[in-house]
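Dear colleague,

Please find below the sequence and the structure, handed over for your own work. The findings follow directly after them.

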Amino acid sequence: MKKVELLAPAGNYSKFLTAMRFGADAVYIGGKNFSLRAFSDNFTEDEMKKAVEYAHSLGRKVYVTVNIFARNADIEKAEEYFKFLESINVDAAIVTDAGLIAVAKSVAPKLALHLSTQANTLNYKTVEFWAGQGVERVILARELSLAEIKEINDRMQGKVETEVFVHGAMCISYSGRCLLSNYLNGRDSNRGECVQACRWHYEIREFEKGGDYLTAEEDKRGTYILNSKDLNMIDHLDELIETGVSSLKIEGRMKSEYYLATVINAYRRAIDEYYEKGSDYKKTPFFAEELKNTMHRAFTTAYMLGDNKNTVNYENSQSAGDAVFVAYVKGYDKENGRMIVEMRNRFKKGDVLELLSPTDNFGKEIVLSKIENENGEEVEDAKLVQQTLYIYTDVVAGEGDFLRRKA
């Protein structure tokens, strides 16, 4: 059995390295143009080339999003962009627009094409159609159930790959094709400029009568009537994999490195354990608990298990995680038995921190008995953001690991 791909987002080169370190089989990234995450740092052409070379050296893959809905003025630039992606051996371009698919096939015939979820593919005949247009993988709509996904794959019999989202934020609009941002702010979600207006807190007042605005309350916390819950399929990986999908995709090019490391780490370990133990992987409670250590909204399985009327997050815009990211690990000084870290959130002597790592040292606790700054001075309370510090411990960590404190 071919192992399912774990596909992770990377909003910049640093996040790309985090995804590689924590075990993603592939990443999806965006350039400075034609991507639906214009407010992410994204990649320069040099960074993109470097990322592809590094990923390929590890036997991993890089997909590039070219998933805007294009206007006439975009076509000539897109032609040059597709040629560039082909020239640096990108593993695939993720495209929504039928015109851009035609452009790519014409000017960059060796470049593989994946159809974006924004094309809202819901049935096997549509998958069959896109396969006939030269698309090698279809990223299925989030509105599908496991049974529908399985039927699509059974009917395709391997003629085209399918990919599904497995974790992360969901757009309140159908297949992510939202007009709300454009209407309220003039920033087109379908061209990468979404301001996430669906996450805002809304108030109302009687039309043309003036007076005070009233919060449209479900309760005293207010309302987030357009705010979707976060997808979380960690407890259903066996069912997902058994539908025949080729790739499980994590959402989040705008998310932090710590978020990516935590989520990738949980899914990487869960997928690996599934291939060792089958459905018994679910007997390990760690996987579900690990995902609570990030900032997230209430979790949902969306429509994967069938119709679901409980997908909107009425309580808040975002919930705090069960852990606080406090330091980024820069390396380990074996000679002096100390970890080199960059402070990100306050910690102090006596705190107990936990190591987030793809290695066997993952989860080990470190009691902060001695902390020094670069001048060799002892630090009782680490309060300076991005200060380089030395933590004395025999727990070995590598560059790119993280330290967190349980909330």
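Asn89 touches Val52 and His56, leaving aside residues up to four places away in sequence. Asn89 itself sits in the loop between helix H3 (75–87) and strand E4 (92–95). Its C-alpha lies 9.1 Å from that of Val62, although Asn89 and Val62 are 27 residues apart in sequence. Please bear in mind throughout that this is a predicted model.

Overall composition

The protein has 10 helices and 21 strands. Of its 407 residues, 51% count as buried. Among contacts between residues at least 6 apart in sequence, 68% join residues at least 24 apart.

The seven-stranded sheet

Seven strands make up an open sheet, and their order is E17-E16-E21-E13-E14-E20-E18, with antiparallel pairing. Strand E17 (365–367) and strand E18 (371–373) are the edge strands, each of which pairs on one side only. From one strand to the next, the twist averages 40 degrees. As general background, the strands of a sheet pair through backbone hydrogen bonds, in either a parallel or an antiparallel manner.

Several of the pairings can be described residue by residue. E13 and E14 run antiparallel and are joined by six bridges; within this pair, Tyr328 stands opposite Glu342 in E14. The two strands form a hairpin with four residues between them, where Gly337 takes a positive phi near 60 degrees.

On to the next pairing: E14 is joined to E20 by five bridges, and the two run antiparallel. Here Val341 stands opposite Leu389 in E20. Leu389 is also the bridge partner of Asn373. That second partnership belongs to the pairing of E18 with strand E20 (residues 388–392), an antiparallel pair held by three bridges.

How far is strand E14 enclosed by the rest of the structure? Five of the six residues of strand E14 (residues 338–343) are buried, so this strand is largely enclosed. The cut-off applied here is that a buried residue has under 20% relative accessible area.

Helix H9 (residues 257–277) lies across three strands, namely strand E13 (323–333), strand E16 (352–356) and strand E21 (402–406). Relative to E21, H9 runs at about 85 degrees.

The second largest pocket

H9 appears again in the second largest pocket, where H9 contributes three residues, the largest share of the lining. This pocket has a volume of about 600 Å³. Its lining comprises 28 residues, and those nearest the centre are Lys2, Glu161, Gly244, Val245 and Ser246. At least two lining residues each come from strand E3 (61–66), helix H6 (146–156), strand E7 (161–168) and H9. By class, the lining divides into eight nonpolar, seven polar and 13 charged residues.

The cavity

How many cavities of 30 Å³ or more does a search of the whole structure find? The search finds one. The largest cavity has a volume of about 50 Å³. Its lining is formed by Leu140, Ala141, Arg142, Ile149, Val164, Phe165, Met170, Leu231, Ala302 and Met304. In terms of class, nine of these lining residues are nonpolar, none is polar and one is charged.

Backbone angles in two loops

Two glutamine residues may merit your attention when you inspect the backbone. Gln157 has a phi near 50 degrees, which is a positive value in a residue other than glycine. Gln157 is placed in the loop between H6 and E7. Is Gln157 buried or exposed? Its relative accessibility is 66%, so Gln157 counts as exposed.

The second case is Gln386, whose phi is near 70 degrees, again positive in a residue other than glycine. Gln386 is found in the loop between strand E19 (381–382) and E20. With a relative accessible area of 52%, Gln386 is exposed; the cut-off for this class is over 50%.

With kind regards

Conventions: Residues numbered from 1 in each chain as written. Predicted model: local features only at pLDDT ≥ 70, side-chain atom pairs only at ≥ 80, totals over all residues. Heavy atoms only, no water. Pairing = 2+ DSSP bridges. Axes fitted to C-alpha atoms, helices over the stretch in contact; angles between N-to-C directions. Contact = heavy atoms within 4.5 Å. 1 Å grid on protein atoms, 1.4 Å probe; cavity = no way out; pocket = protein on both sides within 12 Å on 5 of 7 lines; lining within 4 Å. Points joined across faces, edges and corners; volume = space filled by probe spheres on them. Nonpolar A, V, L, I, M, F, W, Y, C, P; charged D, E, K, R; others polar. Buried < 20%, exposed > 50% of the residue type's maximum accessible area, 1.4 Å probe, protein only.
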